[in-house]
Structures are given as structure tokens and as C-alpha cells.
Amino acid sequence: MSESNRPQLDVIVVGAGFAGLYLLHKFREMGLSARAFEAGDDVGGTWYWNRYPGARCDIESIDYSFSFDPELEQEWQWSEKYATQPEILRYAQHVADRFDLRRDISFATRVEQAVWDEAGSCWNVTTSQGETVSGRFFIMATGCLSQPKDIDIEGIENFTGAIYRTHSWPHEGVDFSGKTVGIIGTGSSGIQSIPLIAGQADHTTVFQRTANYSIPAGNGPIAPEKLAVKQRYQDYREEARWTSVGVPGKQAMDFALTVSEEERQQRYQELWDKGAIPHLGSEFADLLLDEKANDTLAEFVRGKIRSVIEDSEVADILTPTEFPICTKRACLDTHYYQTFNKPNVDIVDIKRNPIVSITATGIATKEQNFDFDAIVFATGFDAMTGALLAIDIRGREGQSLKDKWAHGPLNYLGLTVSGFPNFFMITGPGSPSVLSNMILSIEQHVEWIADCLEHMSKAGLDVIDATETAESGWVEYGTATSDMTLFPQAKSWYMGANVPGKPRVCLPYVGGVAAYRRVCNDVAAQDYLGFRFDGPDGSRCNDGLVRRQQPDVVALLEMLADLELPPFESLSPDEARAMSVAMNAGNPPGPQVGAVVDGSFPGADGALDYRLYRPDSPGPHPVTVYFHGGGWVLGDHTSDDAFCRDLCVNADSVIISANYRHAPEARFPAAVDDGFAAVQWVSDNIETLGGMRGALAVCGWSAGGNIAAVVCQLARDAGGPEIKGQVLITPVVDAGDDSPSMTDNAEGFVLTKALMDWFWDHYADPSKRADPKASPLLAPDLSGLPPALVITGEFDPLRDQGKAYAEALDAAGTGARHINYPGQIHTSFTAVGAIPTANGSRQDIAAALRQYFKALEPV
Ligand code: FAD
Ligand code: NAP
């Protein structure tokens, strides 16, 4: 490139909030030329604009601050647990001055358009000052909550009093003394400002559309133990980077519904007393996954709200019921609910009594006209995409970002957009962003981009662009992640639901900052997987998907990796059993069933235990005999308890989980002989057990799937009992399997090839493994067997043998179906509550059983 057509700058940054400031500092350190454009008159972004009374951070200041410079970290002293807006603005100004950043910022300048110049490999950026600047890279530090939502209430232009918006509060402040004030909006901004405005005004009326969950901040001096963190600040920050929200704290592994009511209440009270929101939704692992679990916390908070408000009608209005707690950002307040006990403060429930319009003198609702001197709008933002789309951004072939995002913000990693080369977003849609401590997330993005630019510079590359494959894979992964949570249930700005006409997609990535950081690191480590680079020496691209398993499977695998457990196959059977029991101990409990009965039955060589699960519906019911997994070595009739409950409820069938003798104490064919004995005994006693005569099916997982399959063959050969159907979940059906799934998934997905070998070694001599009672796929005749459903997962070593068995059964006229679930592993299907993305498979299993029993239901 000649000097004359070289872009003027290496990097153009839009915005001078915390993101813009750190970007400028970073690029200057790297020796790059960078300039930022900022619409406001000074630095600070959010904290420059939002000057309403009561504005504070809701992440403790010790956490909500930069970590990139240890000296800065030590020299700045926060005065309170949650600093006020003026103090945070002073901090941003201090950062700008300390690192001499203002000289590279053009204030009072709005970026209006940016066009990618393919020939020059640069962006041409036009500002409100009429200037056009070219830069190799174009980075959006425009903020997720910087574009206020348009006021969507009629008549605002008629109002003759004063109008204030929390987002752009007058710098000189507002004195509400002696005034009658109306406030619309009860999100974080409303909840922070209402107590202060009401404390000053003569009379205040709050117009609430949706009641919110708010927790008392307990603000004050920083607690000594929190302040002590500064003595080990760098370690503390590193800890924060590997949490889900970017603030150190307990990462719950247990479930709200498994602990006692007493423990739940005690833990919620402790959370409440802390006055902090980052860990509210993660006190238990199921709070954001399971409505019933979520409701235990929601009800606790509702109880607290009701206990504060004196008037029960007002309490009813202010008590949130419309969405699961933490699916909208929870609020932190100081005397918010108490404010409504004041005689000069009213609340109007505008769901019941809607606002019709703003009038010349106030607000007209369906039932009443209110006169005000001033109206305050705390009505929120066009979040995450608003500020980006306010700029006319045109990528390759003139495509506008607005068109590209017509159905939602397509992105790769929340950092880039395919077709928009050398364009980066800080905390963009598709990254954890607003669900995290934002300064920590800003730092992670800035540092990732800086590393990427460094990588390009070293490799002599000029242009980076995400591939469409990587982009659509990431968007799909993000959607799968949010779909398994309760987030989509709320009409929140996270979901784009606050802005009329905005596409309804979950804007942030909800998997947490640690999981996300791993993703970003993995992308970089795999030669920037999913990015295409161009340079003078040509193009290069390592295309692909960064996460191929379902998000909950990824989380499980990461958690197991963190635990650094020894491989099962390195242990003795008893040690392996103890570890398996310990791993099962904290599992979610599964749904309630009508009754659970323990008993024993005559196995092939003595009594064995069973556990019976009876549906809540009136009987008699069909009966399914279930065989647990565990490679014939581990587990017992109670180890798949949650799955049996789930199956019982969904299939409306009695489930009898029958134990069998385990290897190596009882080797082949003990387990299958016991399985057959169980089915014979259940068949003989079906009515006594509450079952319908003749309505008998079998189901089994893994080694239990092997037993279920073999039992069907034994029953056919013995002339009974009659089995109406078999559901085989990732069954072991061929000891000699060396198919691609066995080699491709040999390691890393819980059931490994080494572990499978260990199971076989304990269970059966090599000479006996080809016996159809060990390897039912090898049976010479598969005709005359009950219809089958075979379930497998994409990343299961046993996937191909399951598929082969289904195909062989079908070829023999048995009527078999095979469903392979993308992104799932061997242990997904029975992990009720822990792997929600496998819920569909569990519905399919239940539907198959219902189908087998359909013709048999009593009329
Ligand atoms: P911003 O601070 O929003 O800065 C973006 C800047 O870009 C703005 O100054 C804007 O004027 C400028 N800009 C936008 N478009 C253009 C354009 N086209 N041309 C020129 N300039 C442009 N997060 C937390 O983690 N903890 C909290 O406690 C917290 N409290 C918050 C309180 C409030 C009231 C709000 C609104 C948000 C809060 N947030 C909080 C989120 C907060 O936005 C981030 O923490 C952080 O300040 C964002 O920094 P930023 O630099 O990315 O964006
Ligand atoms: P918000 O959470 O979106 O709240 C907007 C409020 O206005 C809601 O109560 C909404 O009702 C109401 N509203 C919107 N349009 C309305 C209309 N046409 N008629 C009546 N009511 C209307 O916005 P925010 O309070 O500004 O907060 C946005 C985000 O900024 C927060 O979630 C948080 O992330 C951040 N923030 C943080 C703090 C902090 O504590 N540090 C403070 C402020 C903001 P519905 O709920 O029914 O839509």
C-alpha cells in the first residue's frame, strides 16, 4: 500500500466510556494510531449521561473497576460499597487523565456512517462534524445501554411542564421541592431515583407497568473483608474472570429443589443480607433452569416486599409475579418499597389502568387525569443493538448492518459480524456483556481484540472476517444456551421485548463469562477458528464451529474437567462405585410421582431389589421394567432415580427399576439372567403391582440397554413373557465395535473407549463377548422382537452400534426407530434436570412407550 492511500488511522473507536478508554490505552501501548469519537462532551459514557438522583453501580465498586493496571487499582479509593454516579464519573475522568487519553478523543462528535472500502481494506467513517476519517479497524465501544428507547406514549409534545429522562439528566441537577411529579418506569433507573425524587417533591405518582424484584443494597462503607481484597487484587481479579458473572463468589453445584425448605430459606436470607445481585440467580444451580426452583427464590423476595409495604393493595401492585426472578436484571435499592408507605406517594398500576396519553397538564389514564409539574421518564434503552444500528454501517458489497440484523443480531462471539471485516464490537450481542460485571467483560474483549491485531500484524495479515459457518454456529449455540434457561420467559430488554418491533432473541450470551472466555481463548488457540484472514500473501482460514456439543453438555464437561477426577478405569470396582455414588449425590431430584415403593423380587440367583414408581393418575397403568446404566459394574436400582421419575410422569407408566447382579463379582451372563427374571416376575405379578395385564415394556440405558435388548431376545426365544416394546438408550450391543463413533469419541465425553474396555473386562471373558446374550447385535435372527426405539448421541462412542442395532432390527421386520441427538453425549439422556437440552429425547422416549401401550389402555 502506498503512503498516499494508506488509511489515516490504525483504529477508529466509537465511544469514550470505559470501553473506549481502555481501547485507546491498549492501542497506544501497542504503538497503533487510534482515535475515539464521543457524542458527549466528556468521557464516562453511562456515567456521563445518567446523572439522575440515586444513580449508582449495582456491582460493588471493588469489582466494578479496571484491573489492567495494578497501580491504578491501588491508588483509587472508593468511598462506598456502591459508588455514586459522580464518583464513578470522577474515576473515568481520572483514568482518562492518568493515561493522557483525552488528546485522542474527539468530543461532541457523533459517528453517523461507516463504509467498508474493499480496495483500500479500510473503513471510511463520517461524523456529525462533517469529517470523514479512514481507519484499518473500526471498533464499536458504543455501549449496550446508551441509546434511549423512544418514548412510545402519545402526546408528549403537549405537556407544558418539565420533562426529564433518567438517561440524559441535566448536569446542574433538578430541584423537585414543592413540585408534583409523575414518574414512568420501575426498572433499575426508576427504582434508584424514585425514593430520592419522592423525598423532595410535594407529591409523587409512580406509573408502574410491570412490578420488579428489588433487593436492598445495604450501601455504606466498604466492608473491611471486601476492602482487604485490595491486598491480593490481582489474584482476586483472576478469580473473577473464571466465574459466571465476573464477581468472585460461590458457584452453586447443588439444586434448590434438593435441599430442605429450612436450608433454602436460610441461604436466601444470607443472600438478602449481603445486599448484592451478582449471585442471586446462582445460589442454586437450577434457579435459572427450573420454574419451580426459581419460584422458591421469587416467593422469598415477594415475602420480603409484602412485609415492608403497609397498604395491602399497594403491596399487591408492587409484588412481582409476571416473570421468573433474575430473568430481567434484578434491581438494588435504598428504601424503594418503604417510599410507598409515605402519604405523598402513590402508585398507579398501568396494566389495570393504562396510560392513554400525556396531556398539557399531566398524564391521562383510562380512569383518571393526573396533573404534574414534571414528568420523569425512566423508560429504558434500545439495549445492545440500538447504538450500533443508529450508525449507518455498511460492510462488504454495501450490505448494511441494519439489513443483516433485520431478524436479530447475527454475530460471531459477540465480537464480530460476518461480512463486516475489521469491525469489532465491545460487549456486543452474543457475548455475556450486560449479564456480567461489565468492566471485566470490557477488559476481556479489548484484550482479545488486541491479541488478534497483534497476531495479524506478526503474520502480515490485513483483513479479518468471521465466516458464515462460524457465525451461524455461534448464534445457534447462543440460542440453545438461552433456550434451556428461563430467560426467554420474560418480556425483558435482554430479549428485545421492550422495544416495539424489535426481533425477539436473547441478546446476551447467557452461558457466563468463564465459559465464554474459554470459547474466545479456544478460538484464538485454534488459529482463530472461524475467521478468514487476507494479506498480501493471500488468504487463510481455519473454518469450523468452536462448540459442537450442546451448551449444557459443554458446561458439564468443563465442570468435570475442573474436578480433575481420576478416570474410573484407574480405580478398583469398589472405588469406582464410591465415586459414582458421590457424583450422583447432588443430582437434581426429578419430578414428583404418585408413589415410590421399594421391594424385592426373585432374581436368577437370589433376591434382588427393585424400586417402583407409580404415576399420580388413576391406575391400573402399563408397566415398564427399567435397567440402569453403569457398565454392569456400577449403579443399582436407585441410581437413575430422577430419570425413572421423569419417565413415570411423561409416559404415565409404572416404572420398575430392577437391580441385577454386578460384575466383576457376578460376571456374564448374571446381569442378563437377572434382567430376564425381573421381567418374568413383573409379568406374573403385574396386576398386584398396579399394572395392566399384558401392558409390559422394557427400557434400559447403556449396559441397562444391553440387558433390555437381550431380555427381549430371551423372552422371544422362551415364548414369553410378551413385551410390547423396547426403548434402548445408547445401548451396548456389540463388544467388538470399532466403528467411527468409537474412535472419534474415544476420549473426552465421559464414557471413553478405555472405560468401555474396562467394563467389558470386568463383565465378560473375551471368548464369550460374541455371544448374543453379551452382544445382541450379533444374534443370528432379530425377527419377532418387540418394536424398538434406539436413542443415541452424536458424541457417544456407542452411537454407531446403537444405530447398527436399530437398522438390523428394522431389516428383520421388527419395526425399529433410531434417533441420534446432535451435540449429546452418552450420559445426556438420563441426566434429568442437569442436561435440559436432552428434554426432547426424554419426551421421545415417553412418547414411544405411550405408543406401545396405546391399544391396551382400558376404555
Ligand atoms: P457506555 O458507557 O455506554 O459508553 C458508550 C459511549 O459511546 C457513550 O458515551 C455514547 O455517547 C457513545 N456513543 C454511542 N454511539 C455513538 C456514536 N454514534 N458516536 C459517538 N459516540 C457514540 N454495568 C455494570 O456492570 N455494573 C453496574 O453497576 C452498572 N450500572 C449501570 C447503571 C446505569 C444507569 C446504566 C445505564 C448502565 C449500567 N451498567 C452497569 C452498564 C454500563 O453501561 C456499563 O457498565 C459500562 O459503563 C459500559 O461502558 P461502555 O464504554 O461499553 O459504554
Ligand atoms: P428498564 O429496566 O428497561 O426499565 C424501564 C421501565 O420503564 C420498566 O419498568 C418498563 O416497564 C417501563 N416502561 C417502558 N416503556 C414504558 C411505557 N411506554 N409505558 C409505561 N412504562 C414503560 O430501564 P432502566 O431502568 O433504565 O434500566 C436499564 C438497565 O440499565 C438495567 O436493567 C441495568 O442493567 C442498567 N441500570 C443499572 C443501574 C444500577 O443499579 N446500577 C441503574 C440503572 C440502570 P416494563 O417492565 O413493563 O417494560
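Start by selecting F531: beyond its neighbours within four places in sequence, F531 is in contact (heavy atoms within 4.5 Å) with Y412, L413, T416, W448, I464, D465, A466, T467, V523, R540, C541 and N542. You are looking at a predicted model, in which local features need pLDDT of at least 70, side-chain atom pairs count only at pLDDT 80 or more, and totals for chains, interfaces and linings use all residues. Residues are numbered from 1 along each chain as its sequence is written, chains are lettered from A and ligands numbered from 1 in the order in which they are written, and side-chain values use heavy atoms, without hydrogens and water.

Next, add F18, F176, L413 and W448 to your selection. Together with F531, these have the most contacts inside the largest nonpolar core, a set of 139 residues. Such a core consists of buried Ala, Val, Leu, Ile, Met, Phe, Trp, Tyr and Cys residues joined through side-chain atoms within 4.5 Å, where buried means under 20% relative accessible area (1.4 Å probe, protein chains only). Now colour helix α14, residues 438-459 (a DSSP run of H or I, at least four residues): it supplies the largest share of this core, eight residues. For a second, separate core of 65 residues, pick A576, W681, A708 and L755, which are among its members.

Now move to ligand 2. Its shell has 25 residues (a heavy atom within 4 Å), and the closest are R56, D152, S189, R209 and T210. Helix α5, residues 188-200, gives the most to this shell, with three residues.

Finally, show the side chains of K149, Q192 and T210. A polar side-chain atom of K149 is 2.9 Å from a nitrogen atom of the ligand. Side-chain N or O atoms also lie 3.0 Å from a ligand oxygen in Q192 and 2.4 Å from one in T210.

Methods:
Buried < 20%, exposed > 50% of the residue type's maximum accessible area, 1.4 Å probe, protein only. Helix = DSSP H or I, 4+ residues; strand = E, 2+ residues; numbered from the N terminus. Polar contact = N/O pair within 3.5 Å; in protein donor to acceptor, adjacent residues only side chain to side chain.
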